[in-house]
Amino acid sequence: MSNSLNERFKAFIAQLPSAEVIDDLDLPIEFDESKRADFLVENRKAVIELKSLETDPEYKVHEELKNHQRREEYPLFYGDMEIEKVLKHLPDGEQVKAKLFYKLSRSIEQSFREAEKQIAATKEILSCPDSFGLLVLLNQDISILSPELVSYRLRQLLTKTDGDGTPHYKNVTSVWFVLENFFLKSGKATKFLPSIVIDGAAAVDQPELTKILDILQSGWAAFNGVPFATADIREISDSHFVPLSELEKENKPLKPRHEIWRMQYRSRPYLRSLSDEDVLNHGARLIKLMATGFLKDDPKISFDQMAQSMEGFTHFLEEARFRGLDMKKMPKLDIA
């Protein structure tokens, strides 16, 4: 079986007894491939268009942030930092965030608009105007397009209206967002792969559509050999999910010492009750203690003391990363 999520999903749909592959139908010659959807299911009650998010837009974030790095307010961080924690230090951070959001979500909007046209054309040519339109959006490995970001943008598109209050996009009834680069957080040992359904206004009070989606979702879980569970979540938040990259790090058999220290701190974040200022002061003291151990005329500290200080400094960095602290605000050190 192919490792491509796109190819595996196509294989899953094609083996459903109720599915028709539109490319295999005898269609009018003018109905070319670019204008039609991918599948019909349940006696043509639903038209499915399949799209994959394949272009990683992370470079757009770096390009935008470069425009601000020379600003006096731009913070100094150690290591990587979440975008929101960077932007909170800028007075126009919300405007920059909105600009980044639309840059990152451009591929989502493009996929949605193309699906709208393809589903509309398919319903017209095949004379099934009352069929539900389902966009299946796949994300195999683009981590910056997180569940929260994608879901929020899709909801915006599904709820967009014209001046008379009718839906702007009239043919995409619902979106089924399938991703494999995040797991649902769970207290159980089982790792649940998320699959998110976002409904438009036309999906309200449509039990037939609900039934079709249940068949598809449970079938997809069985096809992949994973458990199927449902939950009604009104607002999708990234706090509900764990990136696959984080799980892979945690499952490595041998971890560097600093990674062990970071994990230990996360389980007991003893600096969490301090103010931002006190945390920065604590970090400055640790830096001074470690630095003096290397100066020529200062008394040397023991290996155990140095290791303890390095562990404490790793804890400090983990807390600073959690809060998004600006290292430029750390007290100046007098080490000489």
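Here is a short chat about how the terms for this predicted model follow from its values.

Me: What should I keep in mind about the numbering and the model?
Reply: Residues count from 1 along each chain as its sequence is written, and side-chain values use heavy atoms, leaving out hydrogens and water. The model is predicted, so local features need pLDDT of at least 70 and side-chain atom pairs count only at pLDDT 80 or more, while totals for chains, interfaces and linings use all residues.

Me: How do you know how many helices and strands the protein chain has?
Reply: They are DSSP runs, numbered from the N terminus: H or I over at least four residues makes a helix, and E over at least two makes a strand. The protein chain comes to 11 helices and 8 strands.

Me: What makes strand 4 mostly covered?
Reply: Buried means under 20% relative accessible area (exposed is over 50%, partly exposed in between; 1.4 Å probe, protein chains only). In strand 4, 8 of its 8 residues are buried. F132, L134, V136 and L138 point one way, G133, L135, L137 and N139 the other. Across the protein chain, buried residues make up 42% of the 336 residues.

Me: How do you know that strand 3 and strand 4 pair?
Reply: Two strands pair if DSSP finds at least two bridges between them. Strand 3 and strand 4 have 7 bridges and run parallel, with V47 opposite G133 in strand 4. Strand 4 also pairs with strand 5, in the parallel sense, over 6 bridges; there, L138 has V178 as its bridge partner.

Me: What about strand 1 and strand 2?
Reply: Their 2 bridges, in the antiparallel sense, make them a pair too. E20 stands opposite L40 in strand 2.

Me: Why are strand 1 and strand 7 at the edges of the sheet?
Reply: The open sheet has 6 strands in the order 1-2-3-4-5-7, with mixed pairing. Strand 1 (20-21) and strand 7 (195-199) each have a single partner strand, so one side of each has no neighbour in the sheet.

Me: Why are helix 5 and helix 6 called oblique?
Reply: Their axes come within 10 Å and cross at roughly 40°. Axes are lines fitted to C-alpha atoms, for helices over the stretch in contact, and angles run from 0 to 180 degrees between N-to-C directions. Under 35 degrees is roughly parallel, over 145 roughly antiparallel, 65 to 115 roughly perpendicular, and the rest oblique. Helix 5 and helix 6 are therefore oblique to each other.

Me: Which residues of helix 5 meet helix 6?
Reply: I108, E109 and F112 do, and their partners in helix 6 include L149 and V150.

Technical notes:
Contact means heavy atoms within 4.5 Å.
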